[in-house]
Each structure stands twice: as C-alpha cells, then as structure tokens.
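Trainee: I've got the model open on my screen. Mind if I throw some questions at you about what sits inside it?

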Amino acid sequence: QTANLSPRHTEDLLRSVFGDVPQLHTVAHKLHAISQGNPRDTLQLAQYLVDKGVARYHSGAWTLPARFDDGDLPASMALALRGQIDAFEPLARSLACVVALAVDRALAFDECATLFADAPAKKVHDRLDELVAGQLLVRDGDHYRVSHSGVHAALQQSLSLEETRKVHRLLAQLFARRRDDELRRALHLFRADEGASTHA
C-alpha cells in the first residue's frame, strides 16, 4: 500500500500538477488535511477543483484560489466519493453497488449483463467502462471489482437497508443458476436477511 505523503510532499505532488504558482502552499495544506496525505485522494481532490472551476487554466498557467468557499471542496473523502457516486446515472450506480456487494468483490461482465437483462448488453458494458474511467471500479480481464476500500464503503453506505437486501437477493438468484456457486448463493441469501443489517 502506498505510504501517505507529508504536507511538504503533498505540496511537491501538487506542484507537479499545477506548477509553482501562487497559493500552491494554501491549496496543498487544505488538500492534505482532507486526504490525510493519500496520493490518490490528493489527485482526486485536485481534479475536483478543476472540475468545479475553482482551479483555472488560462494563458498557459494555473490560477489557484487564495481561499475556499463552502462547496469548493468536500469536507472528507467519504463525502467526495458519495458525490461522485451520486453523479452517475442509476444503471451505473446500481452496477457499482452490485459489484461492491458481491461476496468475492468481483463480477464478470456476463454476470452483470444477466443481472440487468432489461438493459441492452452494450449499455451495461458502456456503464461499466464509465465506472472504470471514474476510478470506482477496476477491470481485470473480464471481471470488475471496486477500486479500493474507500469506494467499497461509500457504495455500501449509499444504499438503504432495503436496497442492500434487494441487491443481495439479486446476487443470490444469479448464483443459484450456477451449480458450483452454492456457497455464494447461500451467503447472499443470508445477507439479504439477518446479515444485511451489518452491510457485511
């Protein structure tokens, strides 16, 4: 696992992104406080500033804010992830949550397509690609899994208890069709009932 950065190294990382511009120290201090020095989260927050128009590129140079207004940055990485998840359309969010709740935390494309048979397979594939591009999922061959534990927790927390149970019931039905997946079917049936309250 990547070691967290010190405040100085966070500033060095952001300098490599924005250049040695005014307010870099202020921005680095703020982002370090939210990301706790995690390099991936620091870069995600930097992208957040760009997407929100808080960091602006003009005439070959970046301009960073001297101060932050409410809404310029999320208060925590958990809130940042929730905002990112909520920005996806319902099918993409549902796919991400199904992958997150799968007991081995990975699903093949054909399994995803089976679960969402009402949608064209191409649409399911496109939404999975969007989730990979958004760094919520990673692709390993034909399988998809959540990119890291923070995303896994945020996806779980985005679901109500009843939604969690519904996802586990869907997964149990999927694995009931496969003779060698009785254990996974049983685990999802359990989590759709007593185990769902723990979001395990």
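Trainee: How many aromatic pairs does the structure hold?
Mentor: Keep in mind that this is a predicted model. Phe18, Tyr57 and Trp62 form one aromatic cluster. As for pairs, the structure holds 2.

Trainee: Are the rings of phenylalanine 18 and tryptophan 62 stacked, tilted or edge-to-face?
Mentor: Their centres are 5.2 Å apart, and the cut-off for a pair is within 6.5 Å. The planes sit at 80°, and over 60 degrees counts as edge-to-face. So this pair is edge-to-face.

Trainee: How many residues apart are these two along the chain?
Mentor: Phenylalanine 18 belongs to helix H1 (residues 7-18), while tryptophan 62 is in strand S2 (residues 61-63). The pair thus links distant parts of the chain, and the separation is 44 residues.

Trainee: Is phenylalanine 18 buried or exposed?
Mentor: Buried means under 20% relative accessible area. Tryptophan 62, at 22%, is partly exposed. Phenylalanine 18 has 4% relative accessibility, so it counts as buried.

Trainee: Which helix gives the most residues to the largest nonpolar core?
Mentor: That core has 35 residues, and Leu95, Leu107 and Leu128 are among those touching the most other members. Elements giving two or more residues include helix H4 (77-87), helix H5 (90-101) and strand S5 (143-146). With 9 residues, the top contributor is H5.

Trainee: Which residues does leucine 128 touch, leaving out those up to four places away in sequence?
Mentor: Leucine 128 is one of the core members that touch the most others. Leaving out those sequence neighbours, its contacts are Leu95, Phe109, Cys112, Leu137 and Tyr144.

Methods
Residues are numbered from 1 along each chain as its sequence is written. This is a predicted model: local features need pLDDT of at least 70, side-chain atom pairs count only at pLDDT 80 or more; totals for chains, interfaces and linings use all residues. Side-chain values use heavy atoms; hydrogens and water are left out. Rings of Phe, Tyr and Trp (its six-membered ring) pair if their centres lie within 6.5 Å; planes under 30 degrees apart count as stacked, over 60 as edge-to-face and the rest as tilted. Helices (H or I, at least four residues) and strands (E, at least two) are DSSP runs, numbered from the N terminus. Buried means under 20% relative accessible area, exposed over 50%, partly exposed in between (1.4 Å probe, protein chains only). A nonpolar core is a set of buried Ala, Val, Leu, Ile, Met, Phe, Trp, Tyr and Cys residues joined through side-chain atoms within 4.5 Å. Contact means heavy atoms within 4.5 Å.
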